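Colleague: Could you take me through this model before I set up my own calculations?
Modeller: Certainly; here it is.

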Amino acid sequence: HCRIFKDCKVRECHIRKGVDFCFQCSEFPCNNTGFDEHLYKRSVSINKRMKAIGIETYYNEIKDIPRY
């Protein structure tokens, strides 16, 4: 259960489908996240980027960027 977003459904979905990231699912992108519009768009964008360049490359691309 997500402590930040009470309507988050992503973790349950990942467990049920056995994937680590949304882009690894055949149904990506879907509207079953429970996210508000802003967070949903950000999540889809991040997942598309990871799919395009790979998880490790994405990590290296963002690791030094302040999050807040």
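The exchange below covers the fold, the core, the salt bridges and one aromatic pair.

Colleague: What kind of model is it?
Modeller: It is a predicted model.

Colleague: How many helices and strands does the protein chain have?
Modeller: The protein chain has three helices and zero strands. Read from the N terminus, the order of elements is α-α-α.

Colleague: What does the C-alpha trace span along its principal axes?
Modeller: The C-alpha trace of the protein chain spans about 30 × 30 × 20 Å. The accessible surface amounts to about 5,800 Å², and carbon and sulfur atoms contribute 51% of that area.

Colleague: What percentage of the residues is buried?
Modeller: Of the 68 residues in the protein chain, 25% are buried. As for contacts with a separation of 6 or more, 39% are between residues 24 or more positions apart.

Colleague: Which residues form the largest nonpolar core?
Modeller: That core has 10 residues: Cys8, Val10, Cys22, Phe23, Phe28, Phe35, Leu39, Val44, Met50 and Tyr58. Helix α2, residues 37-53, supplies the largest share of this core, with three residues. In soluble globular proteins, nonpolar side chains tend to be buried together.

Colleague: And Tyr58, which residues does it touch?
Modeller: Leaving aside residues up to four places away in sequence, Tyr58 touches Ile46, Arg49, Met50 and Ile53. Of these, Met50 belongs to the largest nonpolar core, as does Tyr58 itself.

Colleague: Changing topic to electrostatics: how many salt bridges does the structure hold?
Modeller: The structure holds four salt bridges. One of them joins the side chains of Lys17 and Glu27, at 3.1 Å from N to O. Lys17 lies in helix α1 (residues 10-17) and Glu27 in the loop between α1 and α2, so this pair ties together parts that are 10 residues apart in sequence.

Colleague: Why does Lys17 count as partly exposed?
Modeller: Lys17 counts as partly exposed because its relative accessibility is 29%, and the partly exposed class lies between the cut-offs of 20% and 50%. Its partner Glu27 is also partly exposed, with a relative accessible area of 48%.

Colleague: Where do Lys41 and Glu37 lie?
Modeller: Both Lys41 and Glu37 lie in helix α2, four residues apart, which is about one turn of the helix. They form a salt bridge whose closest N and O atoms are 3.0 Å apart. Lys41 is exposed at 52% relative accessibility, and Glu37 is exposed with a relative accessible area of 57%.

Colleague: What about Arg49 and Glu61?
Modeller: Their side chains meet in a salt bridge, at 2.6 Å from N to O. This pair links distant parts of the chain, with Arg49 in helix α2 and Glu61 in helix α3 (residues 55-62), 12 residues apart. Arg49 is partly exposed, with a relative accessible area of 36%, and Glu61 is partly exposed with a value of 36%. Arg49 also touches Tyr58.

Colleague: How far apart are the mean positions of the positive and negative charges?
Modeller: The mean positions of the 13 positive and 9 negative charges of the protein chain are 2 Å apart.

Colleague: One more item: where does Phe5 lie?
Modeller: Phe5 lies in the segment before α1. It is partly exposed, at 35% relative accessibility. Phe5 and Phe35 are 30 residues apart in sequence, and their C-alpha atoms are 7.6 Å apart in space. Phe35 is one of the residues of the largest nonpolar core.

Methods:
Residues are numbered from 1 along each chain as its sequence is written. This is a predicted model: local features need pLDDT of at least 70, side-chain atom pairs count only at pLDDT 80 or more; totals for chains, interfaces and linings use all residues. Side-chain values use heavy atoms; hydrogens and water are left out. Helices (H or I, at least four residues) and strands (E, at least two) are DSSP runs, numbered from the N terminus. Buried means under 20% relative accessible area, exposed over 50%, partly exposed in between (1.4 Å probe, protein chains only). Contact means heavy atoms within 4.5 Å. Accessible areas come from the Shrake-Rupley method with a 1.4 Å probe; for residues, only the protein chains shown count as cover. Lys and Arg count as positive and Asp and Glu as negative; His and the chain ends are not counted. The place of a charge is taken as NZ of Lys, CZ of Arg, CG of Asp or CD of Glu. A nonpolar core is a set of buried Ala, Val, Leu, Ile, Met, Phe, Trp, Tyr and Cys residues joined through side-chain atoms within 4.5 Å.
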